[in-house]
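Reader: I would like a close look at one part of this model, the second largest pocket. What lines the second largest pocket, and which residues are closest to its centre?

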Amino acid sequence: MLREITLGQYYPVDSVIHRLDPRTKLFGTLIFIVSLFITTTVWGYLLATAALIWVIKLTKVPFSFMVKGLKAILFLLLISVSFNLFLTSGEVLVQIWIFKITREGLRMAGFMAVRLIYLVLGSTIMTLTTTPNELTDGLEKSMGFLNKVGVPVHEISMMMSIALRFIPILVEETDKIMKAQMARGADFETGNLIQKVKAMVPLLVPLFISAFRRATDLAMAMEARCYRGGDGRTKMKPLQYAFRDRAAYGLQLFYLAGMIGLRFYR
């Protein structure tokens, strides 16, 4: 399951989405996330599904590779669906002991499952098509107006970029530690919940040590290169909007307007 985490990875391929300005992709991801919380109808989710399928096809990233990351949120998905399914009041369809499945709960659970899956897929598309450097530049440029009120935009962007970049590294490190521990007789599969949690201790300790060591090495490397933040720094590849970015902004706004209109359609 660890190798199936796709969030934070970059998939190198030449596509229209890859060539978009990172600010355009950040804005598009934000619009998509907002639209998922705006819509309350089946038609809205159908429009979101069509838009998501179209964008995934434009990325040229294999769909099987993209959906692998959904297995990592399966447990969270089951919890969210269960809570909405059994704890939503309304017209009772099925009752098993003290548990009731209502028509409203069934609808809410379905919408919650789709919403959570689409949130992960939408965020994954951005990281798969944007390098960490581009993501840092896009975040810094997009939030540049916050510098006027004393917000350290460059430092925040750098931290977010490094955090995303460390996800696949730490996943790979966790996989290596697990294999090393299993070769020494560790068992991560059998036993009850408490036993499984105790079995994770030999895994977490070396993982934290490795993470702190990598962070220290990164800090020393940045200091050795005289890194002093974003003040006065120039860009090797300055961000510039192209016609495709303006067209993408227009499509994103058109999509958002459609989602707002479908919210009131019955």
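Author: What follows describes that pocket, then its surroundings.

This is a predicted model, in which local features need pLDDT of at least 70 and side-chain atom pairs count only at pLDDT 80 or more, while totals for chains, interfaces and linings use all residues. Residues are numbered from 1 along each chain as its sequence is written, and side-chain values use heavy atoms, with hydrogens and water left out.

The chain has 11 helices and two strands (DSSP runs numbered from the N terminus: H or I of at least four residues for helices, E of at least two for strands). In order from the N terminus, the elements read α-α-α-α-α-β-β-α-α-α-α-α-α. Of its 266 residues, 33% count as buried (under 20% relative accessible area, with exposed over 50% and partly exposed in between, for a 1.4 Å probe and protein chains only).

The second largest pocket has a volume of about 720 Å³. A pocket here is an open set of points on a 1 Å grid over the protein atoms alone, where a 1.4 Å probe fits, with protein on both sides within 12 Å along at least five of seven lines; lining residues have an atom within 4 Å of a point. Grid points are joined across faces, edges and corners, and the volume is the space filled by probe spheres set on the points. There are 28 lining residues, and Ala 51, Trp 54, Val 55, Leu 251 and Gln 252 are the closest to the centre. Two or more lining residues come from each of H1, helix H2 (22-38), helix H3 (42-59), helix H6 (103-128) and H11. H11 supplies the largest share, eight residues. By class the lining has 19 nonpolar, seven polar and two charged residues (nonpolar: Ala, Val, Leu, Ile, Met, Phe, Trp, Tyr, Cys and Pro; charged: Asp, Glu, Lys and Arg; polar: the others, Gly among them).

Several of these helices also appear in the nonpolar core. The largest such core has 23 residues, and those with the most contacts inside it are Phe 32, Leu 36, Ala 48, Leu 52, Met 66, Tyr 118 and Tyr 255. A nonpolar core is a set of buried Ala, Val, Leu, Ile, Met, Phe, Trp, Tyr and Cys residues joined through side-chain atoms within 4.5 Å. H2, H3, helix H4 (63-67), H6 and H11 each give two or more residues to this core, and H6 gives the largest share, seven residues. Ala 48, leaving aside neighbours within four places in sequence, is in contact (heavy atoms within 4.5 Å) with Phe 32, Leu 36, Tyr 118, Tyr 255 and Met 259.

Aromatic rings come next. A pair of aromatic rings is described by the distance of the centres and the angle of the planes. Rings of Phe, Tyr and Trp (its six-membered ring) pair if their centres lie within 6.5 Å; planes under 30 degrees apart count as stacked, over 60 as edge-to-face and the rest as tilted. The count comes to seven aromatic pairs. Tyr 11 and Phe 65 form a tilted pair, 5.2 Å centre to centre with 50° between the planes. This pair links distant parts of the chain, with Tyr 11 in the segment before H1 and Phe 65 in helix H4, 54 residues apart. Tyr 11 is partly exposed at a relative accessible area of 25%, whereas Phe 65 is buried at 19%.
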